Amino acid sequence: MQLLWLRVALALYSLGLLHSILTVVGRKQRVFRVALGATALGAVFHLVALVEGGLATQHFPVTTLQEATSLAAFLLAGSFLLVYWRYRFHSISVFVFPLMFVLTFASALDQGETYAGLPLLRTAWLYVHVSLIILGYTALFLTFVAGVMYLIQERELKSKKPRAFYHRLPPLEAIDDLAYKSLSIGFPFITLGIISGGLWASSVWGSAWPLDPKIALSFITWLIYLSLVFARWSVGWRGRKAAYFAIAGFVAMLVTWGTNTGLHSFVSP
Amino acid sequence: MNFCLVGLSHKTAPVEVREQLAFPEDDLPTALHAALALPEVSEAVILSTCNRVEILARAETDDGNIGPALGRFLAEFRHRDFAEIERYLYEYRQRDALRHIFRVASSLDSMVIGESQILGQVKSAYAIARACGALGGTLEEVLTRSFAVAKQIRTETGIASSAVSVSYAAVELAKKIFGSLEGKRILLIGAGKMSELAAKHLLNSGAAGIFVANRTPERAEELAATLQGRAVPFDQILQYAAQCDILISSTGAPGFIVSKADAQQVLTERRNRPIFLIDIAVPRNIDPESNKLDNLFLYDIDDLQQVVNANLKERLREAHRGEQIAEQEVERLLSRLKTLDVVPTIIDLRTRLEEIRVQELARMSSQLGDLTPAQREAVEAITRGMVNKILHPPVSHLKTLAQQPDGLKLVETVRRIFNLKP
């Protein structure tokens, strides 16, 4: 049943994907209300799928890549709805809907194997670490999206030749506000996520854990975001420079996510 | 049912001619009654604004003379020579007249497409015509429909959505940069109509306060009082600039009063919070190189005009869609008016009752078979008499009441309750 709910959610999210495609290709926002409603409804089904899955396997659904992907997609949907409720940004949906769809699609493909049987993973550290990281990634994805939108809108305003995007993107300050707020949520989460991961890793793998490629890369990612937070706080870095760093941080995040060699890999050890 | 619209507008006549034909509001009732006195004219409405004078009339029959008659009426009522103004007048009939009034009401025919005043002006012309009894059911329907179409066009197309004056463009840009203008402060350097107007618009849109600086302190005080702000010394403008989010500059200074270095300093003092500089002066007050700085947005008078031009182009594009909507609505209105015409309705009503009469007689023919011809004739006469008596009040009411403003609703009601096909 859980897979069914997930697929229903996927079907609803596909309306969001449709909206994004139509909006980019056409000049006006189309079917946004429909896509918004479908996403909200889809998120409900998605939640049901997650809860059912968790109850069926008797653990918080983050033990496999498939489960984590599904959770990430759900958090993305949830945070989008939150951002829309707070800011009423229509345009951010163009970035968010496709990713939501892709993630949900990936997780709805098949069940995948559950690794809860492995002694390595049968600890609370797993849930804590993975959940924190996923929450952090979701928030920092929004920081990335805000960074991209900021760069586009700023270029429009500087060039003094407003084109199509100018009218549809939100005000500059509002975009920067979203970037700032999502950073201030995302950074603590990944910090805690890395700490919890570190504590867990040192207890399992001994002292060589910081040299594992994925873990080392996650440190680098974390440092990028740290410098962003510090620069914002101390010298009031904002706008364009902050956007560049947010993009760099997101790229580092993707690289970290994609690195699967060494101790900390997602495939069976 | 025949429509005829005659008049002149900014598109066909210069202001010297338009002002000769303009109707003062107080004269409108008299004028309308005089128009109704013209042969064949049964309903009329006159629209007189600074950009157009038009009369829309409904006539029972149209022999082609209504147009010139209306034109002559306009000239004579305003004591002008018809021959002189004749070449400025345009004439629209039937569908074209309806389309024209729709376009006018939606501001598609205005000097600045998308302007919002014209709809109010058309509404007031309608109210005056209605009050003095010059409107009948048909024009009532036409005009009320034109208001709905105007609203539809304004909401469904972008003809009214973006700024087409320099000062509004400045406000629009400020909102694009800052989002809400609440809590934002303005520094106005120098003086001038456009900068004052921009400052007023910004304050109206929610800006928190304004500082005014001028080489002449008294002038600064004056302006500050008008705008409910504070005057500040001219030599301290950079310090005050750091506290403000929007800077409007229009002094007559021959060179730059704000250099790129000055701008950088202001930014640093503001800890890089964004600042919007509007330089309306010619020669410019602010070094254009400043625009290269991060978090600073500098627009001079040409840039603002460019924004306005781009918006105007956008409005023209949107106007095409507006025209399409107007065309569709004209079709809908015409078919609706056709069904609500009184004469066809009376015919349909008679036909329906006659059908019923004949059917009932046919059904009973078997039982009436053994009547004498005289008796059968009597039965026919009874049924016909009944039908006529039943029809008499509705038909005479339709003929008279349908001429009144709410008349078409009466026609519609009759059609509905007697189930006459639409």
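Start in chain B of this predicted model by selecting strand β8, together with strand β9 (residues 275-279): the two pair in the parallel sense over four bridges. For a landmark on this pairing, pick B:Ile246, which stands opposite B:Phe276 in β9(B). Now add helix α12 (residues 260-269) to the selection, and you have a right-handed β-α-β unit made of β8(B), α12 and β9(B).

**Inside β8**

Stay with β8(B), residues 246-250, and show its side chains. All five of its five residues are buried, so the strand is largely enclosed by the rest of the structure. In a regular strand, side chains alternate between the two faces of the sheet. Here B:Ile246, B:Ile248 and B:Ser250 point one way, while B:Leu247 and B:Ser249 point the other.

**On to β5**

Next, select strand β5 (residues 185-190) of chain B, which pairs with β8(B) in the parallel sense over five bridges. Two residue pairs help you follow this pairing: B:Ile186 stands opposite B:Ile246, and B:Gly190 has B:Ser250 as its bridge partner. β5(B) is mostly covered, with five of its six residues buried.

β5(B) also runs parallel to strand β6 (residues 209-213) of chain B, and five bridges join these two. Look for B:Ile189, whose bridge partner in β6(B) is B:Ala213. Bring in helix α9 (residues 193-204) and you will see β5(B), α9 and β6(B) make a right-handed β-α-β unit.

**A stop at B:Ile186**

What is B:Ile186 in contact with, leaving aside its neighbours within four places in sequence? Select B:Ala199, B:Leu202, B:Ala207, B:Ile210, B:Cys244, B:Ile246 and B:Ile248 to see the set. B:Ile186 is also one of the residues with the most contacts inside the largest nonpolar core, alongside A:Leu76, B:Ala174 and B:Leu187; this core has 116 residues. Its largest share, 17 residues, comes from helix α5 (residues 124-159) of chain A. Apart from it lies another core, of 53 residues, including B:Ala35, B:Ala57, B:Ala134 and B:Leu139.

**Where the chains touch**

Colour by chain and turn to the contacts between A and B: 17 residues of chain B are in contact with 14 residues of chain A. On the chain B side, α8 (166-178), β10 (296-300) and α13 (301-339) each supply at least two residues. By class, this side has seven nonpolar, five polar and five charged residues.

**Backbone details**

Switch to a backbone view for three loop residues. B:Pro283 lies in the loop between β9 and β10 of chain B, and the peptide bond leading to B:Pro283 from B:Val282 is cis, with omega near 0°.

B:Asn272, in the loop between α12 and β9 of chain B, has a positive phi of about 65° although it is not a glycine. B:His79, in the loop between α3 (66-77) and α4 (82-85) of chain B, is not a glycine either, and has a positive phi of about 55°. Which of these is buried or exposed? B:Asn272 counts as buried, with 21 C-beta neighbours inside 10 Å, whereas B:His79 is exposed, with 7 other C-beta atoms within 10 Å.

**Zooming out**

Finally, colour chain B by its domain assignment: domain 1 (2-156), domain 2 (166-308) and domain 3 (340-417). Between the C-alpha centres of domain 2 and domain 3 of chain B, the distance is 77 Å.

How values were computed. Residues are numbered from 1 along each chain as its sequence is written. Chains are lettered from A and ligands numbered from 1 in the order in which they are written. This is a predicted model: local features need pLDDT of at least 70, side-chain atom pairs count only at pLDDT 80 or more; totals for chains, interfaces and linings use all residues. A residue is buried if 20 or more other C-beta atoms lie within 10 Å of its own, exposed if 12 or fewer, and partly exposed in between; C-beta atoms are placed from the backbone. Two strands pair if DSSP finds at least two bridges between them. A crossover is right-handed if, with the strands pointing away from the viewer, the path from the first strand over the helix to the second runs clockwise. Two residues are in contact if their C-beta atoms, placed from the backbone, lie within 7 Å. Ala, Val, Leu, Ile, Met, Phe, Trp, Tyr, Cys and Pro count as nonpolar, Asp, Glu, Lys and Arg as charged, and the others, Gly among them, as polar. A nonpolar core is a set of buried Ala, Val, Leu, Ile, Met, Phe, Trp, Tyr and Cys residues joined through C-beta atoms within 7 Å. Domain bounds come from an automatic or database domain assignment.
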